[in-house]
Amino acid sequence: MNREKLLEIYNRLYTYYGPQHWWPGETRFEIIVGAILTQNTNWTNVEKAIANLKKGGYLTPAGLHELPADRLAQLIRPAGYFNIKARRLKCFLDWLFDEYDGLLESLNGLGLSTLREKLLAVKGIGPETADSICLYAFQKPIFVVDAYTARVFGRHGMIEAPSGYEQIQEIFHEGLDKDVQFFNEFHALIVQVGKNHCKPKPICNGCPLEDLPHQIVSEPY
DNA sequence: GACCAGGCACATC
DNA sequence: GATGTGCATGGT
């Protein structure tokens with residue numbers, strides 16, 4: 001039912017911002033680490049943490065698996081929440097080595113719903129992080145919801161007041177074709193408009209969605 | 001100095 | 001099941 005509206009928003013954002021080339025990260029493992037580090041955190045801070053890991057030569061499953069947690073925490077310090085994120089990375093790696101011998105390729109063979117469930121069972125990986133990993137690291141067709149998604153589409157009247165993660169995700173899965181590249185680009189574009197215009201204090205002037213019906217509403221998610 | 005950032009787990013009611 | 005809180009750095 002919302003297909004037309006969703007596509008109009010996508011087209012406007014794509015016309016305005018162009019292709020986003022997501023996820024920023026050179027390897028599958030870097031994407032996964034970035035997904036955990038960026039939880040509630042500005043990406044520029046994550047880049048510094050990742051640079052530290054790269055510089056030390058630790059940005060591999062084995063490298064991080066062997067690194068002591070307190071040493072890891074110091075390296076990812078710029079990303080904020082460094083103690084808890086060090087533990088979360090460790091949880092992921094412990095699981096990866098316990099269950100799959102440290103081989104990410106083994107995860108690639110799993111179906112989308114199985115992979116998602118298994119990721120969610122890892123402490124520190126919630127719905128958004130799991131879906132980011134599925135979509136951006138493993139090219140599985142799933143739409144990633146985040147705070148920007150809720151805010152942008154809440155303001156444009158497409159999301160009811162209190163909505164849960166899966167409820168919002170359903171809107172996109174129902175209205176759109178399950179296409180990896182399309183989901184990739186759409187989410188990245190939503191982050192762009194969120195960063196530039198659709199903030200808690202909106203900067204509607206110059207927003208590519210400015211002339212669409214919208215109003216400031218309480219955060220729906 | 002206040003506000004914000006690509007969440008999540010856990011406690012409490 | 002809903003709501004509140006801790007986690008923390010760095011840019012605007």
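**A walk around helix 9**

Helix 8 and helix 9 are oblique to each other. In this predicted model, they pack at an angle of about 140 degrees, with their axes 9 Å apart. That angle does not reach the range over 145 degrees that counts as roughly antiparallel, and it therefore falls under oblique. Helix 8, residues 112-120, passes helix 9 in a right-handed crossing.

If you zoom in on this pair, you will find the contact made by Leu 112, Leu 115, Arg 116, Leu 119 and Leu 120 on the helix 8 side. Helix 9 answers with Pro 127, Ala 130, Ile 133 and Cys 134. By class, these residues divide into 8 nonpolar, no polar and 1 charged.

Let's stay with helix 9, which spans 127-137. Of its 11 residues, 9 are buried, so the helix is largely enclosed by the rest of the structure. The buried residues are Thr 129, Ala 130, Asp 131, Ser 132, Ile 133, Cys 134, Leu 135, Tyr 136 and Ala 137. Their cover includes helix 8, along with helix 2 (28-37) and helix 12. Just after helix 9 comes a backbone detail to look for: Gln 139 takes a positive phi of about 55 degrees.

From here we can turn to the DNA. Around DNA strand B there are 27 residues, and Gln 39, Gly 126, Thr 129, Ala 147 and Pro 200 come nearest. Helix 9, helix 10 (147-155) and helix 12 (180-196) are the elements that give two or more residues to this surface. Helix 9 gives the most, with 4 residues. Thr 129 is thus a good place to pause: Thr 129 is among the buried residues of helix 9 and also among the residues nearest to strand B. By class, the surface near strand B has 11 nonpolar, 10 polar and 6 charged residues.

Now for the other strand. Which residues are closest to DNA strand C? They are Pro 78, Gly 80, Tyr 81, Asn 83 and Ile 84, out of 13 residues that surround this strand. Helix 3 (43-55) and helix 6 (82-100) each supply at least two residues of the surface near strand C. Helix 6 provides the largest share, 3 residues. The class breakdown here is 5 nonpolar, 7 polar and 1 charged.

To retrace the route, helix 9 packs against helix 8, is largely enclosed and gives the most to the surface near DNA strand B, while helix 6 gives the largest share near DNA strand C.

How values were computed:
Residues numbered from 1 in each chain as written. Chains lettered and ligands numbered in written order. Predicted model: local features only at pLDDT ≥ 70, side-chain atom pairs only at ≥ 80, totals over all residues. Near = placed C-beta within 6 Å. Nonpolar A, V, L, I, M, F, W, Y, C, P; charged D, E, K, R; others polar. Axes fitted to C-alpha atoms, helices over the stretch in contact; angles between N-to-C directions. Parallel < 35°, antiparallel > 145°, perpendicular 65-115°, else oblique. Left-handed = near helix turned anticlockwise from the far one by under 90°. Contact = placed C-beta atoms within 7 Å. Buried ≥ 20, exposed ≤ 12 C-beta atoms within 10 Å, placed from the backbone.
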